[in-house]
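The following exchange asks on what grounds certain terms are applied to a structure. Each reply sets a value against the criterion concerned.

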Amino acid sequence: MMERLEKLLLPLAEAIGKNKYLVALRDGFLVLTPLLIAGSIFLLIANFPIPAWTDWLASVVVNQNTGETLEAFVSKPSSATFSIMAIFAVIGIAYSFAREMKTDKIFAAATAIMSWFLLMPYWVNGSTLINGEKTAVTLPGISTGWIGAKGIFIGIICAFASVHIYKWVEDRGWTIKMPPGVPPTVVKSFSALIPACVVMTVFFGINLILGLLQTDAFTIVYKFLQTPLLNLGDTLGAMVIAYIFLHLFWFFGVNGGSVVGAVFNPILQTLSAENVAFFTNGVGSPHIICQQFQDLFATFGGCGSTLSLIIAMFMVCKSQRIKKLSKLALVPGIFGINEPIVFGLPLVLNPAMLIPFMLVPTLNIVISYACMAVGLVPVCSGINIPWTTPAIISGFLATNWVGALLQALLLVMGVFIYMPFIKAMDDEYLKEEKENVSKMDEVDEADAIDLDNLSFDDL
């Protein structure tokens, strides 16, 4: 069965490897990989699942003037990566796509980031006290939400569109030609002037039209993604639908947790509070669907339940790229941090991995719900367990040893579901690595000097 699935998936992996858009996405997200892995280390330190540790970080004041604690300083490296990841993504994707389109890479990337910022709203919603009452206000500034994961999807659109326009102008010869003798850097700078102006004009026009309509591109995308989630409630169907949307958003590079959580998390938190009241005082009735159910039984290692994927990578993958990535992503993955896998493999806009990425969490939810509904596993008590608590330990704390066993079985199930898909992707990467080695050998042979054939007759 595994071999048959691999044969079916291998053509898809090969097609992805040749598609210039998906190649640009894959290579562009690699810019994020080292930054996210480094940020994950500090994120884990700041949120290590030991209350005494996190309380100590929050109690140590470092800056007496601002009141900033050690926790704020330890969290800052992750903010400098996760919170502004869209900036790096746009630059990397545009740079890689410009390479595929055979145009100037650095100027195309700079033009793409300019066009993305041109569409971005320069205001932030806040509140202030006026006559003792809290009043909503709009302040000038850039929201960190837009330059984080929430802004990646529209960033991808801007990267592709701006590079296409840049290349279109360049192909028509609408560039400034410099006389011979001018330094190459100056020549490239002036050559990029007209294409960059055309890109700026196009995106300025789009932003102006949307402004006249009292909106902006970023808000339109965000509201469009949130709309299908407005009627979700306390049912298994609601949980499954929420997680299908959540993973679809992540597939398109949008932080699905932020979008879905804005609507669904308040419901889950309320249900958790009712569970606490029931188990403490016997008030009301327990709910299977709650915040702890989502955090501890829907996914392991982050969205897509990628801890199973990492284990599968260790078991079947041979390409150096995936083997190295799995080693780097293992420790963050154990504690629920999976951005290195989501953007480093990548899972974003990777059709070859979409099926298991959505299927594994869905099966986790359905099986866990069924086990709790028939009484095989106790309902989560509502105790607030940190989201970084590793699987099996978290299941034991939230229910009992049966919950821990269920987590372990679901984790293993996810490994076998991911295995054929990642193996097909690994075969494609392995093929690329062998081709690159062959090309390097050919270059080395061409550059080699054969001392036996040297002749001094012409000297």
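**Salt bridges, burial and ring pairs**

Q: How many salt bridges does the rule give?

A: The count comes to 4 salt bridges, a salt bridge being a side-chain nitrogen of Lys or Arg within 4 Å of a carboxyl oxygen of Asp or Glu. The model is a predicted one, in which local features need pLDDT of at least 70 and side-chain atom pairs count only at pLDDT 80 or more, while totals for chains, interfaces and linings use all residues. Residues are numbered from 1 along each chain as its sequence is written, and side-chain values use heavy atoms, with hydrogens and water left out.

Q: Why is the contact of Asp27 and Arg99 called a salt bridge?

A: The N to O distance between the side chains of Asp27 and Arg99 is 2.7 Å, and the limit is 4 Å, so the term applies. Asp27 lies in helix 2 (residues 20-29) and Arg99 in helix 6 (residues 85-100), so the pair ties together parts that are 72 residues apart in sequence. Helices here are DSSP runs of H or I with at least four residues, numbered from the N terminus. Asp27 and Arg99 also belong to a network of salt bridges with Glu100.

Q: What makes Asp27 buried or exposed?

A: Buried means under 20% relative accessible area, exposed over 50%, and partly exposed in between (1.4 Å probe, protein chains only). Asp27 has 17% relative accessibility and therefore counts as buried. Arg99, with 32%, is partly exposed.

Q: How do you know that Lys423 and Asp427 form a salt bridge, and where do they lie?

A: Their side chains meet at 2.9 Å, N to O, which satisfies the criterion for a salt bridge. Lys423 and Asp427 both lie in helix 21 (residues 401-447), 4 residues apart, or about one turn of the helix. Lys423 is buried at 17%, whereas Asp427, at 23%, is partly exposed.

Q: What makes the contact of Asp171 and Lys167 a salt bridge?

A: The N to O distance for Asp171 and Lys167 is 3.2 Å, so the criterion is met. Both residues lie in helix 9 (residues 152-171), 4 residues apart, about one turn of the helix. Lys167 has a relative accessible area of 15% and is therefore buried.

Q: How many aromatic pairs are there by the rule?

A: The count comes to 11 aromatic pairs. Among them, Trp116 and Phe117 form an edge-to-face pair, with 5.1 Å centre to centre and 65° between the planes. Rings of Phe, Tyr and Trp (its six-membered ring) pair if their centres lie within 6.5 Å; planes under 30 degrees apart count as stacked, over 60 as edge-to-face and the rest as tilted, so both terms fit. Trp116 is buried at 0%, while Phe117, at 23%, is partly exposed.

Q: Why is the pair of Trp250 and Phe343 called edge-to-face?

A: The centres of Trp250 and Phe343 are 6.1 Å apart, with 65° between the planes; the angle is over 60 degrees, so the pair is edge-to-face. Trp250 is in helix 13 (residues 236-251) and Phe343 in helix 18 (residues 339-344), 93 residues apart. Both Trp250 and Phe343 are buried.

Q: How do you know that Thr175 and Lys177 share a polar contact?

A: Their side chains are joined at 3.0 Å. A polar contact is a pair of N or O atoms within 3.5 Å; within protein, one must be able to donate a hydrogen and the other to accept it, and residues adjacent in sequence count only if both atoms are side-chain atoms. Thr175 is buried, at 17% relative accessibility.

Note on methods. Helix = DSSP H or I, 4+ residues; strand = E, 2+ residues; numbered from the N terminus.
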